[in-house]
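Thank you all for making time this morning. I would like to take you through a structure that is new to most of us, going from the overall fold to a few details.

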Amino acid sequence: MEEISEIKEYAKEHSVPIMMDEGIEFICNYIVEHNVETVLELGTAIGYSAMRFARLRDDIFVSTIEIDIERYQQAVRNIHDNNLMDRITVYLGNALSYTFKEKFDLIFIDAAKSQYINYFEKFKNNLTENGAIISDNLFFHGMVENIGLTHNYSTIKLIRKLRRYIDFLKSNQEFETTFYTLGDGISVSKRRHPNLQINNNKGGVIKI
Ligand SMILES: C[S@@+](CC[C@H](N)C(=O)[O-])C[C@H]1O[C@@H](n2cnc3c(N)ncnc32)[C@H](O)[C@@H]1O
C-alpha cells in the first residue's frame with residue numbers, strides 16, 4: 001500500500017491499533033521542532049507511524065520493532081511499497097529481549113501497555129543527551145481517569161499498570177515528564193539537567 005489513507009483503512013478493517021491523528025501530529029511536530037534524526041519505536045504494527053516519521057525529512061532514520069509476525073510482514077511490505085527501506089529498519093521480536101547499541105534522539109513507546117515501565121528502564125540508556133522518551137495511550141480511552149468505565153478484569157489490571165507508569169514518571173528523579181491531553185494521552189520525558197527547561201507552554205498540558 002502506497003497511500004497513507006489506504007494503510008489507515010487497512011488498520012481499521014483488520015483491527016490493527018495505530019496512532020490517533022492528534023497524537024501522530026504531535027509527535028511529527030516534535031520531530032520537526034527538535035530536529036530529531038533518529039527514532040526508536042517500540043510497536044511497529046503495520047508501519048504507519050514509522051512511515052509518518054520517516055516521511056518528514058530525508059535525514060530521519062527509524063528503527064522499529066514488532067512482536068507479531070503478520071504485522072511485521074505487512075509493515076515490511078508497506079515500507080517497501082513506499083521506498084523507505086533505506087531509512088526504516090523493522091525488527092521482528094519482543095522489544096524486551098532486544099538490545100540496541102545505538103543511541104536515538106527519540107524513543108517512542110507504543111507496544112504492550114502493561115510493560116511501559118520495563119521499556120522505559122530498558123531503553124533509557126539508548127537516548128542521546130537531549131533525547132526524549134514519548135509514550136502513547138496513557139489515558140486508555142478515558143479509563144485511566146475513570147476506571148469505572150470498564151468491568152473487564154484484564155482491562156482493569158491494565159489500567160492499574162498504566163496508573164503505576166504515570167506515578168513512576170511523576171516521581172522519577174532522573175527524568176522530567178510533561179503530560180499532554182492529546183490523542184489518547186501522551187507523555188514526553190527528558191533527562192533532568194540543571195540548564196534544561198521543559199517547555200510547559202503548549203496547549204493541553206495537564207497534571208494527572
Ligand atoms: C498500538 S500498536 C503500534 C501502532 C504503531 N506505532 C502505529 O501507530 O502505527 C502496538 C504494537 O505493539 C506490538 N507489541 C506488543 N508488545 C510488544 C513487544 N513486547 N515487543 C514488540 N512489539 C510489541 C503489538 O503487536 C502491536 O502491533
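I will begin with the whole chain, then turn to the sheet, a helix that packs on it, and finally the surroundings of the ligand.

Please keep in mind throughout that what you see is a predicted model. The protein is built from six helices and seven strands, and if you follow the sequence from its start, these elements come in the pattern α-α-β-α-β-α-β-β-α-β-α-β-β. For its 208 residues, a compact globule would be expected to have a radius of gyration near 17 Å, and the 16 Å of this protein agrees with that. Along the principal axes, the C-alpha atoms fill a box of roughly 45 × 45 × 35 Å, and 36% of the 208 residues count as buried. Of the contacts with a separation of 6 or more, 63% join residues that lie 24 or more positions apart.

Let us now look at the sheet. Strands of a sheet pair through backbone hydrogen bonds, and they do this either parallel or antiparallel. Here the seven strands form an open sheet with mixed pairing, in the order β3-β2-β1-β4-β5-β7-β6. The edges are taken by β3 (88-92) and β6 (175-180), and because each has a single partner strand, one side of each is left without a neighbour in the sheet. From one strand to the next, the twist averages 15°.

The partner of β6 is β7, residues 186-191, and the two pair in the antiparallel sense over six bridges, with Phe179 standing opposite Ser187 in β7.

Helix α5, residues 116-123, packs on the sheet, where it touches β1, β4 (104-109) and β5 (127-135), and its direction makes about 165° with that of β4. Within helix α5 we find Tyr119, and is this residue buried or exposed? Tyr119 is buried, because 22 other C-beta atoms lie within 10 Å, and the cut-off for that is 20 or more. Leaving aside residues up to four places away in sequence, Tyr119 touches Leu42, Ala95, Ile109 and Ala111.

That brings me to the ligand, which has 20 residues around it, and of these Met19, Gly43, Ala45, Tyr48 and Ser49 come nearest. The elements that contribute two or more residues to this shell are β1 (38-42), α3 (48-54) and β2 (61-66). By character, the shell divides into 12 nonpolar, three polar and five charged residues.

Key
Residues numbered from 1 in each chain as written. Predicted model: local features only at pLDDT ≥ 70, side-chain atom pairs only at ≥ 80, totals over all residues. Near = placed C-beta within 6 Å. Helix = DSSP H or I, 4+ residues; strand = E, 2+ residues; numbered from the N terminus. Nonpolar A, V, L, I, M, F, W, Y, C, P; charged D, E, K, R; others polar. Rg over C-alpha atoms; globule rule 2.2 N^0.38 Å. Buried ≥ 20, exposed ≤ 12 C-beta atoms within 10 Å, placed from the backbone. Contact = placed C-beta atoms within 7 Å. Pairing = 2+ DSSP bridges. Axes fitted to C-alpha atoms, helices over the stretch in contact; angles between N-to-C directions.
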